[in-house]
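Trainee: Please take a close look at a single part of this model, with attention to helix packing and salt bridges.

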Amino acid sequence: MSQPPAPQAPSLPWRLSSATIMGLTGILSRGFLYGLNSVEVTGLSRFLDILDSRRDIEKRQRGLLTISNHVSVLDDPIIWGLLPTSYGFNPSNLRWTLGAHDICFKTKFLTRFFTLGQVLPAHRSKHSEFGGPFQPSITQAICLLSAQPFSPPPLSSPGLSDPFTTGALTYTTNGADTLPSPAYFPCNRHSWVHVFPEGLVHQHPSSDLRYFKWGVARLILEADPPPDVLPMFIDGTQRCMPERRTFPRFAPRVGKRIRVAFGEVLDYEATFGDLRRRWDGLVKRSRVGGRWRAGAGSGGHVAMLGELPNELKHSKEAQEIRIEVARRIRDEVLKVRRALGYPEPDPLLGDAATWRADDEIKAKKYKSRVDGSEINQD
């Protein structure tokens, strides 16, 4: 018996639900930004031109990766209220992002809501043993940025329509949860992914940046083809939700000045080309045909996009490449910050070793011993 064709997109009810949630969230965010605060935005028209050029999925040539600092729990979704309302009801041209598994996915309702809102569950190492740069959601993000995420397996049941209505075509982040795999669908190829590589809320007095974590390096190095990479800078949302706020803590403060700057798409070859070639060389040496060689710590498994053998996770050269990629993209975000007239950054803050003084702090919200910034890992 012939197998039914693999679905190209989620079901119509799912797509309508996603469009409704993302569109209404965009309207509320826009109302908050422009109705209750003052907004200064740089480079928005250029960014909208990029989104307009990506409207037709079939004509996209690569994914879009936007990267910014993280100064408030409001950053996402509030900053996307900058987009005109007409953009908000087209999820296929809106961002995917990562959200804390222990917050955004702690109940069935929240899991459904944030999944419809194009959020992937990320485990944070301070909260979960499943955290780190090699967790399944990073693999999903890599595939979303890429040309053809997976070669879909044949469907075993004529009644199987899509993962959102049947529970199949899913992945797990910890062996206990079950989540639909957006990377399965061809309609999600060359998607837009936004990440906050600081990995936590960092409220510095002059909006300086912490070091960037390695997950962003994986997105830049492993997406195929390499994505368009665009740095951004955010300031002001930390005054709407300061970490030291008093009652009512749940309520955002209004009447604040919010600044968002969109940089330009980077010249990938000039910025990361040498590191990509080093990475591709490592990958080539770890493969035999279409499989990882047994000596790479993978048992000869098929080489799949976003899945790495131990050698490519933990070797010294692989780590050095990721550290340098993260450093370079952080420098690009700092260039956007510098163009707005902010003070010169402290070079020590970009080094992970600088922050070891905070490692022994058990609290999830605290004042950093390094730079006096307010930190939120909750």
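Mentor: Helices are DSSP runs of H or I with at least four residues, strands are runs of E with at least two, and both are numbered from the N terminus. The model is predicted, so local features need pLDDT of at least 70 and side-chain atom pairs pLDDT 80 or more, while totals for chains, interfaces and linings use all residues. Residues are numbered from 1 along each chain as its sequence is written, and side-chain values use heavy atoms, without hydrogens and water.

I begin with helix α11, which spans residues 268–285 and contains both R276 and D280. These two residues are four apart, about one turn of the helix. Their side chains form a salt bridge (Lys or Arg side-chain nitrogen within 4 Å of an Asp or Glu carboxyl oxygen), with 3.6 Å from N to O. R276 has 10% relative accessibility and therefore counts as buried (under 20%; exposed is over 50%, partly exposed in between; 1.4 Å probe, protein chains only). Its partner D280, at 38%, is partly exposed.

A further salt bridge leads from α11 to helix α13. R285 pairs with E317, the closest N and O atoms lying 3.6 Å apart. Because R285 belongs to α11 and E317 to α13, this pair ties together parts separated by 32 residues in sequence. E317 is partly exposed, with a relative accessible area of 26%. In addition, D274, E324, R327, R328 and D331 are joined into one network by salt bridges that share partners.

Helix α13 (residues 316–339) also packs against helix α9 (residues 215–222), at an angle of about 95° and with the axes 8 Å apart. The two helices are therefore roughly perpendicular (65 to 115 degrees; under 35 is roughly parallel, over 145 roughly antiparallel, the rest oblique). On the α9 side, V216, A217, R218, I220 and L221 make the contact (heavy atoms within 4.5 Å), and α13 contributes I321, R322, V325, A326 and I329. Eight of these contact residues are nonpolar, none is polar and two are charged.

For the wider setting, the whole structure holds 23 salt bridges. One of them joins E40 and R257, whose closest N and O atoms are 2.5 Å apart. E40 lies in strand β1 (residues 38–42) and R257 in strand β10 (residues 257–262), so that distant parts of the chain, 217 residues apart, are linked. E40 is partly exposed at 26% relative accessible area, and R257 is likewise partly exposed at 46%.

Definitions and conventions: Axes fitted to C-alpha atoms, helices over the stretch in contact; angles between N-to-C directions. Nonpolar A, V, L, I, M, F, W, Y, C, P; charged D, E, K, R; others polar.
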